[in-house]
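Please find below a note on the structure under review, set out as numbered points.

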Amino acid sequence: LYDITSSRPRLVVINNRQVRNFSGNFIRTSRYTVLNFIPKYLFEQFCRPVNFYFLVISLLQIFPSISSTNGIPTLALPLVFVLFVGAVKDGWEDLNRHQNDRIENEREVIVIKRFPFINYIHGRTLACDLEEAEKPKNKNPSLKHVISFKSENDKQSNTSHSWFLGIEGSERSSSSELKVGDIVLLRNHETIPADIVLLSTSSENGDVFIDTSSLDGESNLKRRFSHKESTKMLGNNIHDVIKRARYLEGLIECSPPGKDLHNFDGTAIIRLPPISEGLVTQGNTITQFPINLDNIVLRGCILRSTEWAIGCIVYAGHESKIQMNSLKPTKKMSNVDKFTNKMVLVVLVILFCLCMTGSLLTYKYIFDGVFDHLDYLGVSDVNEISYRATGQAIPISFVPVVRFCTWIVLLANIIPIALVVSMKIVKAIQGQFISRDRAMYDAVNNTYAVARNSDLNEDLGQVRYIFSDKTGTLTRNIMEFKSLSVGGVHYGSTETSSSKEDNLIREIEIPQVNIKDENILLDIKSRNSQSIKIGNLLIGIAVNNSIVIENQSEMFSMLYNSGRIEPDILPETFSPSTYLTGLNSDITLNPDNKPKSRLGSNFMTSIKSISSQSSKSASNNSSNTKQKPKSNFPLYSAQFPDEAALCYGAQYLGVSLICLNPKTKHLILDVFGELLDVEILAKIPFTSDRKRSSTVVRIKRLNSEHNMKDLRIMSELYRERIMVFSKGADSAMIPLLRQSNMEKFQKDLEIGNKMANQALRVLCITEKEISEDEFADWNQKYQLAVNNVENRESSLQEAASMIEKDLLLQGVTGVEDRLQDEVPETIKCLRDAGIKIWMLTGDKVETAREIAASAGLLSPGHEILELTESTCSNKSEIKKRVLSICKSLGIDLESDKSERFLRKVKASGSKSEKKETNFSILIDGAVLGEIFSGSLANNDFVSECKRFEDITSSISSIEKLFVQMCCKCRTVVFARFAPSQKGNIVRIVRKHMDEITLAVGDGANDCNMIQTANVGVGIRGLEGNQAFLTADYGITSFKDLKVLLLVHGRLAYRRICKLALYMFYKNLTVGIPVFIYGFFTLWSGTRLYFDYWYQVYNVILSSVPIVVVSVFDFDVTKSESLSKPHLYSFGPENKFLNTKICLIYLLNSAWHIFVVFTIPYILFRVNSTNLFGSNQSIVGAAIYYLVILVVNIKVLLMADHIHYLLGFAVAFSLFSWICTLFVCAASFSIGSDVYTIWIPLYNNVLLWITLISGLSISLWPDYFFKVLFSEWLKVDDK
C-alpha cells in the first residue's frame, strides 16, 4: 500500500485524510507469531547446510532398502535436540520482542480531533472527510459549543498528564492507532510516538528540549523549535492551541522517509479556515514557511523540560527514522567459525569419498562374483545378483546408489551435529564472564563491560591491529579552556603565567576553565584596544555555538530581580512570583539599577558563592532528569564538549551568555558589566564536511539610555552592528580569511601551532561586520536556499560560501583534553603482546602528534615519516613523498617482479616482516584523500621506477602499497580524518590483509569504523552511548582493553579451538570404525553399533566434559596473562587452530581408531563363542565402550587445568552410558539384544583387558606430547 523507497517529496495533509497511503504507526520487531513460529523457524534452521544434511540423513533412514535401522530414523533424536535448544533460545528472545512491541504499541497518546469540514486551500480540494461532509448537519457547522478564546487564559497549567484530556478536542488514543497527518499533543517526560513536525509549544519562543539518547546515544539535551509562523498562528496557551488545532488545515511537503538522522527538509503551508473568522485574527490567512531538522522531533526521543508541545506526524511506524535505522547490522563471523566451516567441508568431502569407496567396492564384488559363493545370502527369482549383494531385488545398476546412501546413513555422525550448539552455549557463558569481570568495572558510573556479540569472543584473542579514536577514547573528553591568543599575545602559556599571589585567579572556580594567567585579566581591566579585541573574540564565542542554558528561567528572573533590565522588554505574561519560585534566597535587588562590572567585587563574590554548586553539574553536561542545583550564573549544556568549555571560558573572562529574552527571543549577553541584546539572524551549523560553524547576529545595547561616553573606548563593543562570527579548524578557516591581512594574522596562527604542539585542540575564531544592505541581499538568497526542498543542502552550502569570506581572525583558542588513566601503560602492554595500534582523529596534525607522543604511541628516537600538507603541498610532491617513504621503509619496488606485489599484503607478523622498523608515519586526511582519488597517476612528476608508475595507475594497487607502507611502521597516526575516512581505512586494511582488526571509539563518528572492523569496541563516553550500543563489546575506559584482550580474548581463543578440534576428533573416532568394519562384511553396510547408542553419543556421552573445559580451562592466571603479554602472540599467529594442528588431530584420531578397533576385534574375534551372541555384536559393543572411555579421558589430557567440574563431567558421561544401557535394555525392540550381550560381557575378563590395554596404548602418545608441549612452553616463556 505504500512505498518507503520513493524518491518523490512526501505530501502530508494536516489533520485529514491523505492523498496517498502511508505506513501506520503499528510497530512489529518480532520475527515470529504463534501461527508461523514452527514452520518459519524450521525453514530458517534447515536453510543451514549442517541441519539440512542431518534432515536428509534422517529421511534416508526411513527407507528399509537404505537404512540399517529397520526404517527407524534414529538420527532424528540428536537433530530434534539441537533444534529444540535453538527453538527455546529464539522463542524466548522473540517473546521479549513481542512484549516490547506491545508496550510500544499500547503507549497512551493524546490526539487532537479534527473539527469536520472540507480541507480547502489554495482554491482546490485536497482531501475531505466524505462521511462527515455528506451529512447536512455538518455543511454549516454550529459554533455554539465553541468556548471563546478569551476565557481564563492565565490559569496555571496542571502538570498531571490527565489534565490535558479535560480540554475539548483532545482524546486518548494508543500509539498504534496514530497515522500520518494526525495532530498529537506531547507531554513532558513523554516518549515521542512518531516523527512529528512541531507546530507550537508551551514555551513563548517555541522551543522544546528532547533527550535523544535512545536515538543517537548522545546524552545532551537537544533544542528544537516550532516555527515562529505556526507558533504565532496557534499561540502558546494550551486551551487556545487545542481549539485552533482542530480547525487547522494545510500541507507539509517534505523529503521522503530515510535513515539519515541529521537530514530533514520541507515546507509547510497552513491556515485557519474561514469558519474560524471572528474567533482569531489569523483566520483565512495562508502562511508558508520552511521547516528543517530544528523543527522536527523523532520517534523514540523523550520530551524534557517542556510542559507540552503539539505537532503533526510526517513519518509513522516503520517509516520513522529510528525504525529505518533499526535494521540489523551485517552479521560478523569469527575466524574460528570460518575455519570450522572449512573443516566441515573437508570432512564432508572425506565422508563422500568413503561412501563412494564402499559403493564402488560393492559393485566390483558383484562383477567379481564374490557373492555367488556365499550360500547363506539366499536366492531370489528376480535380480538374484543384486539381491545377494544388498538383500533387495533391485536392478543391478541401482546397487551403487543404494549402497552409497546406506553408507551415508551409517557414517552420518562423522559430521559433528553438536558443534554449533556447544559453541553457542560456551560463547554465551564466556560473554557472561566478560560482563561480570570486576577488573572492567567502573565504580564511578556503576557500570560493567558488556559482551553484545559473544560470537566474536575468540577473535578478541587474535587481534593484530587496533584502530583507536583519540578524543574520549585515549583522552577523557572533559575539555578545559586553557589558552588563547588575541592580537598576537598568547595567554595561558607557561611562559606568560605568573606566580604572583593574586586572589583574582586563586578564588575563581568556573568549571572547565584552567587559564592560569593574570595578564589577560589585567588587559581586560586596562580598557584599551587589546580589551576590545579580547571582548570581540569572547562575544563571538558566546553567540556562535549550540549551547543550551539549563537554568534559563532562573537567570532571567535574576536579571529582573536585580533591576538590570527595563520593564518594557518583559513579556506580557511575565509573572515575577512564578519566575522567582525556587530561586536562591541570597539574590538581592540592586536598588540603584546600575550594572556592576563582571570584574568588580560583586562578580568575585557571586562566583565564589556558587562555584561549588555548579562545577559538578556544568561539567557533567548530561541530560538526566534529576533536579539541578540552583546557581547564580548560567549553566551550559552543549552538543560538543569543547563548546561548553569555550563558553565557560568566556564567562570566566567577563562575557557571559545569560539567557534568552522571553519577549524578543534574543540572546542577552553580559559583556564586562554591560548587557547586550543579540538577535540571531541566521545560523549555519557545524558539519564534518565544513569543519566550521557560523552565526549572523545583530548586536545592540539592552539598556540604551546609559551614557556611552562613560564607557569610553569600550563603547566600540556595545555599538549596534551586524556581525558574522565563524569558528572552526585552521584548515577550514585560513582559506576564508582576508588575504590582505594575513601578515597580521600570522602571529596568532603560529601561536595556534604551538598550542597544538602542547596537545591542545585549536580553533580559529573569526568575525566580519556587514551592512544592512549586504545582509538583506544575502538573506534573500539564504531564505531561498532554506525553502528549497530538493537541493537544500547544496543551496545552503552555496549561500554559506557567500557570507563566509574575507573574514578577520579574532584569535585562536586552545582547549585541553587530558589522557585517560593508564593509557601509556595499556598501549605498552598491548604492544608487548604483538598488537599494533593506529590512532585516527579529526584533530589537526600537531595535536595528533603530541597526543600520540604522550600516550606512548610515538616513541623517542623513532623517526617520524610525515605525509601531511606541510611536507607535500601539491599532487606532484605527494607522489614524490610516497616514493621517498617507500624507499625509507625498504620497499624495493624494482625487485618486485611479476604480479607478486599485487597479491595480498602479508601481515607484519609473518616471517618476512618479523623485525619491526624504527619508523612511525603521520598521515593527513586531506593528503590521503588525494592519494585514493587517483590523482597520483595524473600529475607532472614521473618516477624513474616504472613499477611505481604502474602501481599508482590503479586505485587497488595504491591501496595495497599504502597498506604495506603502514604495516612496516611501528605506529600510524591519522589526523584530520572524517568519520567516513576512518571506516574506509579499516575496510582497506581488512581487504588486503588476513588479520583480525579491532576498532575502538566512544562517539557517533566512530560507529563507521566500529562496524567495519572484525571486532568493534565502544566506550561509554561523554559524547553519548551510540558507539557503546553499536559495538560488539562495550567497555568503560581504554585500559579495559588490556583485560578484554589479554585475559578474556586469549582464553576464549584457546578454549574455542579446543572445542572445535575435539568435536571433529571424537566424531571421526566413533564413525571411522564403522567404515573399517565394512571391509570384513564385504561393504554390505552392516552396522557395528546399536543405532540408539550411536545417536546418544553426540548429545550426552561425549559433549559435557569438553564444554566444561571450554568454559573453565586456563593455562595461566589472570595476573600472569597481564604480566606476560607475549603469551597473547599465539592467537594472532594462529598457533592453536591451523592446518598443521588439524593434521595432528587427524593423525591422533587415526591412531585412536586403529587401537580401539584392532584390540577388541582381535581379542573377541578369536576367543568369542556363541555364549555371548554374534561376533558382530560383541565386537561392536566392546569398541563402542572403549571409544567412550578414550574420548572422555582425552578431554582430561587436553585440559591445562583440571577443574573439579571436569571430573564430575567425565563421571557424568560414564554414568550416562550405564543409564543408557538400562534404558536400552527396557526397550521393546532392542532390549533383549542388549541384555543378552552386556550382562555376560561385563563378567568376561577379555572386556577389562580390552579397556585397560586399549586406553593405555591409545593415549600414551597424547600424554607424551602433552608433557613435551608443556616443557616447550616453559622454555619459550624463559
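The points below proceed from the chain as a whole to strands, individual residues and aromatic rings.

1. Overall composition. The model is predicted. Its chain contains 42 helices and 35 strands. Of the 1278 residues, 57% are buried. Among contacts with a separation of 6 or more, 77% are between residues 24 or more positions apart. The exposed surface of the chain is about 55100 Å², of which carbon and sulfur atoms supply 56%.

2. Strand S15. This strand spans residues 308-315 and is mostly covered, with eight of its eight residues buried. Strand S6 (residues 183-187) is joined to S15 by five bridges, and the two run antiparallel. Within this pairing, Val184 stands opposite Gly311 of S15. Strand S7 (residues 195-201) also pairs with S15 in the antiparallel sense, over six bridges. Here Ile196 is placed opposite Ile313 of S15.

3. Strand S10. Strand S10 (residues 249-254) is largely enclosed by the rest of the structure, because five of its six residues are buried. Four bridges connect S10 to strand S1 (residues 10-13) in the antiparallel sense, and Ile252 of S10 is the bridge partner of Val12. Strand S11 (residues 265-271) is joined to S10 by six bridges, again antiparallel. In that pairing, Cys254 has Gly266 of S11 as its bridge partner.

4. Asp337. This residue belongs to helix H9 (residues 335-368). Its relative accessibility is 16%, so Asp337 counts as buried, the cut-off being under 20%. The side chains of Asp337 and Ser334 make a polar contact of 3.2 Å. Apart from residues up to four places away in sequence, Asp337 touches Met423, Lys427, Asp455 and Glu458.

5. Asp469. The unreviewed UniProt entry lists Asp469 under "active site"; such an annotation may be inferred rather than shown by experiment. In the model, Asp469 is part of strand S17 (residues 463-469). Is Asp469 buried or exposed? With a relative accessible area of 3%, Asp469 is buried. A polar contact of 3.1 Å links its side chain with that of Lys982. Beyond neighbours within four places in sequence, the residues in contact with Asp469 include Leu474, Leu840, Val1000, Gly1001, Asp1002, Asp1006 and Met1009, as well as Lys982.

6. Aromatic pair in helix H23. The structure holds 31 aromatic pairs. One of them is formed by Phe775 and Trp778, whose ring centres are 6.4 Å apart and whose planes lie at 40 degrees, so the pair is tilted. Both residues are in helix H23 (residues 772-787); because they are three residues apart, about one helical turn separates them. Phe775 is buried at a relative accessible area of 9%, and Trp778 is buried at 4%.

7. Aromatic pair between helices H28 and H30. Phe932 and Phe962 form an edge-to-face pair, with 5.4 Å centre to centre and 85 degrees between the planes. This pair links distant parts of the chain: Phe932 lies in helix H28 (residues 925-932) and Phe962 in helix H30 (residues 955-967), 30 residues apart. Phe932 counts as buried at 16% relative accessibility, as does Phe962 at 4%.

8. Aromatic cluster. Which residues form one aromatic cluster with Phe932 and Phe962? The other members are Tyr465, Phe467, Trp838, Phe974 and Phe977. Tyr465 and Phe467 fall within the range of strand S17 (residues 463-469), the strand in which Asp469 is found.

Conventions. Residues are numbered from 1 along each chain as its sequence is written. This is a predicted model: local features need pLDDT of at least 70, side-chain atom pairs count only at pLDDT 80 or more; totals for chains, interfaces and linings use all residues. Side-chain values use heavy atoms; hydrogens and water are left out. Buried means under 20% relative accessible area, exposed over 50%, partly exposed in between (1.4 Å probe, protein chains only). Two strands pair if DSSP finds at least two bridges between them. A polar contact is a pair of N or O atoms within 3.5 Å; within protein, one must be able to donate a hydrogen and the other to accept it, and residues adjacent in sequence count only if both atoms are side-chain atoms. Contact means heavy atoms within 4.5 Å. Accessible areas come from the Shrake-Rupley method with a 1.4 Å probe; for residues, only the protein chains shown count as cover. Rings of Phe, Tyr and Trp (its six-membered ring) pair if their centres lie within 6.5 Å; planes under 30 degrees apart count as stacked, over 60 as edge-to-face and the rest as tilted.
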